[in-house]
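Open the model in your viewer and keep the selection tool ready. The stops below tell you what to pick next and what is there.

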Amino acid sequence: MARQQPPPWVHAAVLLCLLCLSGAIEIPMDPSIQNELSQPPTITKQSVKDHIVDPRDNILIECEAKGNPAPSFHWTRNSRYFNIAKDPRVSMRRRSGTLVIDFRSGGRPEEYEGEYQCFARNKYGTALSNRIRLQVSKSPLWPKENLDPVVVQEGAPLTLQCNPPPGLPSPVIFWMSSSMEPITQDKRVSQGHNGDLYFSNVMLQDMQTDYSCNARFHFTHTIQQKNAFTLKVLTNNPYNDSSLRNHPDMYSARGVAERTPSFMYPQGTASSQMVLRGMDLLLECIASGVPTPDIAWYKKGGDLPSDKAKFENFNKALRITNVSEEDSGEYFCLASNKMGSTRHTISVRVKAAPYWLDEPKNLILAPGEDGRLVCRANGNPKPTVQWMINGEPLQSAPPNPNREVAGDTIIFRDTQISSRAVYQCNTSNEHGYLLANAFVSVLDVPPRMLSPRNQLIRVILYNRTRLDCPFFGSPIPTLRWFKNGQGSNLDGGNYHVYENGSLEIKMIRKEDQGIYTCVATNILGKAENQVRLEVKDPTRIFRMPEDQVAKRGTTVQLECRVKHDPSLKLTVSWLKDDEPLYIGNRMKKEDDSLTIYGVAERDQGSYTCVASTELDQDLAKAYLTVLGRPDRPRDLELTDLAERSVRLTWIPGDDNNSPITDFVVQFEEDQFQPGVWHDHSKFPGSVNSAVLQLSPYVNYQFRVIAINEVGSSHPSLPSERYRTSGAPPESNPADVKGEGTRKNNMEITWTPMNATSAFGPNLRYIVKWRRRETRESWNNVTVWGSRYVVGQTPVYVPYEIRVQAENDFGKGPEPDTVIGYSGEDYPRAAPTDVKIRVLNSTAISLQWNRVYPDTVQGQLREYRAYYWRESSLLKNLWVSQKRQQASFPGDRPRGVVSRLFPYSNYKLEMVVVNGRGDGPRSETKEFTTPEGVPSAPRRFRVRQPNLETINLEWDHPEHPNGILIGYTLKYLAFNGTKLGKQIVENFSPNQTKFTMQRADPVSRYRFTLSARTQVGSGEAVTEESPAPPNEAYTNNQADIATQGWFIGLMCAIALLVLILLIVCFIKRSRGGKYPVREKKDVPLGPEDPKEEDGSFDYSDEDNKPLQGSQTSLDGTIKQQESDDSLVDYGEGGEGQFNEDGSFIGQYTVKKDKEETEGNESSEATSPVNAIYSLA
C-alpha cells in the first residue's frame, strides 16, 4: 500500500481510476476476482498476418485466448470451416487454439498454404484472430546457363545482371568470384538494390577476376551461386601498371576518353516511387562516366530529414526510415565529374495502410449504465469501417434497442445482462486491414477490497506519502477515509483523495500517526480496510565528511556521524566516485568514520557517505585530493649545441596536485665515473628549458628530476650524449699537503681533479718541491695518481711544494706554493723541575720547565702526564695500578689533573709529544690525595611487614673515599600534600638496619640516607614507604579469619600437614638426616654442600648466631660497637679498578644475597617452611 514500494494491485488501481473517467470498469488482475466473474473471450496471442514457415519443420499457427468460462476454438481456411478432425496431420493444442500440422509421417507443406482465421467462443461471445496468410518458404534453384565472356571497351559502363530465382522471402544477394573471394566495391564498382553489379567505367584490372552472383535464402540457410561472368576488356594500353590506379590522371594516362555522367539506374531523367507510411524509403541512382562521377541528393522545396535520412552504397542510395506523409515530394540525385553533371528526379508518393487513431477497448458496465465503443482509424486512401458481433456482420444480428451504430462508434444505453457480446471492428483499404476485438460485459458486484488487511505503513516525518486502498465493485463504489474511527471524512487541507480512492498526506507530521480506515460503498453494499500509519524521524548526517588534501602515505579520516530513528536499522556505506567502495586492507570503516591508511594516488576522488534505513537515506559527499610526488619529466631534447654550453628542454610530468617547485638537472660522464650521476644545476618549477654551462672534453648525458612539497620524482630517461671539445686545464688540484710518514721522507698528496675539470685526455700532475729558504733549484716529477713520496730528507725540514695539472692540450695555470714538512723523529728531552700541588681530594696542579725547541725534532703537539694509583690509605684495599694520562696541548708550562681517587697514593711522570710520539720520561713524582666524602649507600630497601613498623636495610657505600664515621637518616611523614616534622637519626658505621615504629597506620614516610667521613656527608639516597593497604580489605581479612568455615579449613590443612610430617620423620629416621630446619630465620648458604639434598646433620647449635646480631663484612659476628678498623669496611684484595683506571670499589663485603639465595633454595624442599608459609 505504501507509495515507496507499490505491490502489483496498485497498478490495477491506477488503471481502474483511468477507466472510471471514461465510464467503464476494468476487472482487476486479482485471481480470485478473475475466477469468479464471467468474461467474454479475448485473443491474447496469434501468429503474424503473413506467416512464412520453413518447409522442413512442422507448421505452427498460434491462437490463444482467455475468458470465463474458458473459450473453445475453431478455424476457417480460405473463409470456410476447417474441420481439424478429418486431417490426421492437424491437431490443436490442449486448452489452446494453436494449430500444429505434423509432417513427420509425410505430406507436402505447400498443400496447407492459404488464409486461416481462429474463432474463440464461450457463452458470452466470440473473438476472432487476424486473417493469417500461411506461405511456405521457397528457395528455387538457379537455372543452368552458359555465359559467354563479356567484351567491353576500357572506360565504358557495364551492368552484370543477377536475375535471382524468386524466393520466399526474397534472398540476400552478394557478388563473389568463383574462388569465393568477395568483389571489392567502391564508388566505381557497386551492387544495386536489385542485385545487379554496376561498373561506372570498366578498367583493365577488372579482367583479373570473374564475377558470380550469389543468393542466400533465409529459412533454408542455403547459398546458390550463378555461373560466373568473365570479362574481356579491350584497351589501347595493354600494360596494367598498378602504380596508375590512384593517379589523378589515371584515365588519360591509359588513353581512356573522359565522358560526362549518365544514369545507368534508373534510366532517363525522371521516375516515380510509392512507399507505405511507416516503411523505409530507398531511392537509388547509379551513374556512369569518366572519371567516376560523385552522387549528391536533394529534396525539392526543402531539406532532407536529417534525423531519418542516411546515405548508403557510396552515396548512390538514400534511405529514409519510418516514412510519414510529410516525406512525400520530389527528390533528385545529381551525378557530376569534371566533365559535367546530370540529374534524375524521383517523385515519391506516400500511401498508408490503416493505422489506429482510437482502437476499441473492452467495455465493462454495471446494469443500467451507458457506454460506447469507438473504432477510429486512418490511412491513404481513407479506410472503411465494418462492425461485427461475435464474428458475424452486425447488420445480420438481431436488433437491440439499447444499441446504436453511428459510423465508427457504437453507443450503448441502459445496458442489461443480456447485452454481453464480443464486437469486431474491421477497417481496411487497398493496402491492408486492421481487426480489433472488444467485448461488452455487464456486471453487478458488491464492493471488495483488493489489498491485504490491516497493513502497517511506516513513513518519514515531513515527507509526502499516499495511502492506497484498491477496491472493486460494479457499479463503481464511492470511497471515503476516516482516521482513528472519527466520523468526519478526510479530504482537504493536508489531505487529498484521488479519484481512484488513494489518500495523499501532503506533509507528514507526528500527529498524523494513527489508524486510517477506507470505506467503499455502492448500491449492493460496502467494504472497508484499515492501514496503521507510523511516523519515523528522518535519517540525517549531522557531521558530514569534509574535503581534504593529503600527502601520499599519510592517514586520512572522513567523518560521517548520523542521527536516525532508533526503531529503524541504520546502515552506513561508502561510495567512491559514485561506485560502491571496496574496503581493502588499507581502509577501516567504523560506524561514524572511514579511515584510509597509507593514502595512494588511486585513493583520490569523491567519497559519498550513504546513511540509509529501510525507509529513507541521507547522503554527504567530500573530495579527497592526494598530493603525490610529481611524475618524471619526459622528452628531453638538446639544442643550441656550443663548445661550453647546451640548451636542455624537457616536458614536465603531472604534478599530482602539488605544484612543482624545482627541477634538478643531473649529468653523467663515461670516462672517470661511468654510471654515477652528479647534480649540475637547479631551476625553478616554472622553467622547462635552460642553458647549461659545460666543461671541455666531457661526454655528457643529462636527466631531470622534478621536486614538489611531497618529494622528488623518479629521474627522467637520459638524454642523448653530447661531448665537448678539449682544452688545457683551467685549475690545479686542491688540498695539496706535504707531510712525513717516516723521519727521512715527505709524502706530497692532493685531491685529484674530476671529469669536469680535467678538460682533456691523459690528465697528469707535475709535482715540484725544494727546501724552504735555501733557494735551491726545483725538483720535479710527473705523476698520474694523487701522491708522491720524496725520500732521503732531513728530519722535520720545511719544503716549498707546487702541483700543476696537465693534459694533452696543455698545462694548467701556475700553481700556488704550499709549505710542507719532512718526517719527524722522537723528542730528545723531557720536561724538568716538575712540581705538584694538591688542590683537593680529587685534583692536583702541575708545573714544569719546557724543553728547548731543537730537542722536539718535529711539531710539538702536547705535554703529557702519566700517573697511576699506587695504593689506598685504607688497609687491605686492593687498587688497580693501570696507568692513566692527562694531556696539555701546545707549548705550556702548567696544567691540572682531575678525577683522582681520594685517600690514595699516586705516582706521576711527564713527557713531551710530537707527531712521531713520546719523548723520554721525566723523574717519577709521588703525591697523596686527602680524604673525601663517600658515595651513596647501596641497595637502600624499605619494607613494611605490618601497620605498626617499617624496616630499613642498606649496604655500605661503593666508594667510602675515607674512613666512615657513621650514617645519617632523615625521615618525615606525609599524607598527600601535608608534611610532618623531619626527624634525624645517626648510626654507627657498622649498622645497616633500622626498625621504626609508625606513629599512625595511614601516613607514608620519606627516608633520606647518607654516609659520613671526617670531611662530611656524602651523596644521599631517598626512598618512600609503601602505600598502606585498603582499610576495607583489612577488615574483610579480619572478618574471614573469624569465620567458622575458614577456621575449619585451616584445621583440616594443619591436620593433613601434621600427618605428612610424621610420615616424613619415620622415613628420614632410618637415614639420620631430616629435611627440617630449626629456625626459619637462619638460612643455609648455598655454598654449603650439605644442603644439596635439602637435609642437614644434627649439630651443636651453640655456635649459631643469635637473632638480631650484626654480621660483619668478613662474615664474622660483630658487636654493635666499632673499633674503627679498616677490616670493618672490607677484605683487602677485593677492591678493583676498571680498564681506564676509574674506581669501582675500595672495599667489598660478603653480601646478604648469598644468605637470601640460601633461604630461597632450601625453603622449597622443607615441609616446615610450608607450614610457615600457610601461617
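## Whole chain first

Of the 1175 residues in the protein chain, 44% are buried. This is a predicted model. Colour by secondary structure: the protein chain has eight helices and 90 strands. Now turn on the surface. The accessible area of the protein chain is about 62300 Å², and carbon and sulfur atoms hold 48% of that. For the contact map, take contacts in the protein chain with a separation of 6 or more: 65% of them join residues 24 or more positions apart.

## Stop 1: a buried aspartate

Select D87. Look in the loop between β6 (80–82) and β7 (90–92). Which side chain of opposite charge is nearest to D87? That is R89, 4.6 Å away. D87 is buried and has no salt bridge. The cut-off for a salt bridge is 4 Å between nitrogen and oxygen. Show the backbone of R89 as well: the D87 side chain reaches the backbone nitrogen of R89 at 3.0 Å.

## Stop 2: two cis peptide bonds

Go to P169, in the loop between β13 (158–160) and β14 (172–176). The L168 to P169 peptide bond is cis, with omega near -5 degrees.

Next, select P291. This residue lies in the loop between β23 (286–290) and β24 (294–299). The peptide bond from V290 to P291 is cis, and omega is near -5 degrees.

## Stop 3: salt bridges across the sequence

The salt-bridge count comes to 57. Pick D280 and R319. They form a salt bridge, with the closest N and O atoms 3.7 Å apart. D280 is in the loop between β21 (270–276) and β22 (281–284) and R319 is in strand β26 (residues 317–320), so this pair ties together parts that are 39 residues apart in sequence. D280 is partly exposed, at 39% relative accessible area.

Move to K300 and E330. Their side chains meet in a salt bridge, 3.6 Å from N to O. K300 sits in the loop between β24 and β25 (309–312) and E330 in strand β27 (residues 329–337), so the pair ties together parts 30 residues apart in sequence. K300 is exposed, with a relative accessible area of 57%, while E330 is partly exposed at 32%.

Then select D918 and R864, another salt bridge, at 3.2 Å from N to O. The pair links distant parts of the chain, 54 residues apart: D918 is in the loop between β77 (904–914) and β78 (925–928), and R864 is in strand β74 (residues 860–872). Buried or exposed: how does R864 count? R864 counts as buried, because its relative accessibility is 14% and the limit for buried is under 20%. D918 is partly exposed at 23%.

Now highlight R543, E559, R561 and D592 together. Salt bridges that share partners join them into one network.

## Stop 4: a strand threonine

Select T409, found in strand β35 (residues 409–412). T409 counts as buried, with 9% relative accessibility. Show what surrounds T409. Beyond four places in sequence, T409 touches R372, L373, V374, R376, W387 and E404.

## Stop 5: two asparagines in one loop

Zoom to N656, in the loop between β58 and β59. Phi of N656 is near 50 degrees, a positive value in a residue other than glycine. N656 is buried, with a relative accessible area of 14%.

Step on to N657, in the loop between β58 (645–651) and β59 (660–669). N657 is partly exposed at 36%. Which residues beyond four places in sequence does N657 contact? They are Q604, T625, V626 and L627. The side chains of N657 and Q604 share a polar contact of 2.3 Å. A polar atom of the N657 side chain lies 2.7 Å from the backbone oxygen of V626. Add E601 to the selection: its C-alpha atom is 9.9 Å from that of N657, and the two residues are 56 residues apart along the chain.

## Stop 6: a positive phi in a strand

Jump to D833, in strand β72 (residues 832–840). D833 is not a glycine, yet its phi is positive, about 55 degrees. D833 is partly exposed, with a relative accessible area of 40%.

## Last stop: a nonpolar patch

Select L1055, L1056, L1058, I1059, I1062, V1063 and I1066. Together they form a nonpolar surface patch with about 660 Å² of accessible area. L1056 lies in helix α6 (residues 1044–1068). L1056 is exposed, at 60% relative accessible area.

Key
Residues are numbered from 1 along each chain as its sequence is written. This is a predicted model: local features need pLDDT of at least 70, side-chain atom pairs count only at pLDDT 80 or more; totals for chains, interfaces and linings use all residues. Side-chain values use heavy atoms; hydrogens and water are left out. Patches are made of residues with over 30% relative accessible area and no salt bridge: like charges are joined within 9 Å, nonpolar side chains (Val, Leu, Ile, Met, Phe, Trp, Tyr) within 5 Å. Accessible areas come from the Shrake-Rupley method with a 1.4 Å probe; for residues, only the protein chains shown count as cover. Helices (H or I, at least four residues) and strands (E, at least two) are DSSP runs, numbered from the N terminus. Buried means under 20% relative accessible area, exposed over 50%, partly exposed in between (1.4 Å probe, protein chains only). Contact means heavy atoms within 4.5 Å. Lys and Arg count as positive and Asp and Glu as negative; His and the chain ends are not counted. A polar contact is a pair of N or O atoms within 3.5 Å; within protein, one must be able to donate a hydrogen and the other to accept it, and residues adjacent in sequence count only if both atoms are side-chain atoms.
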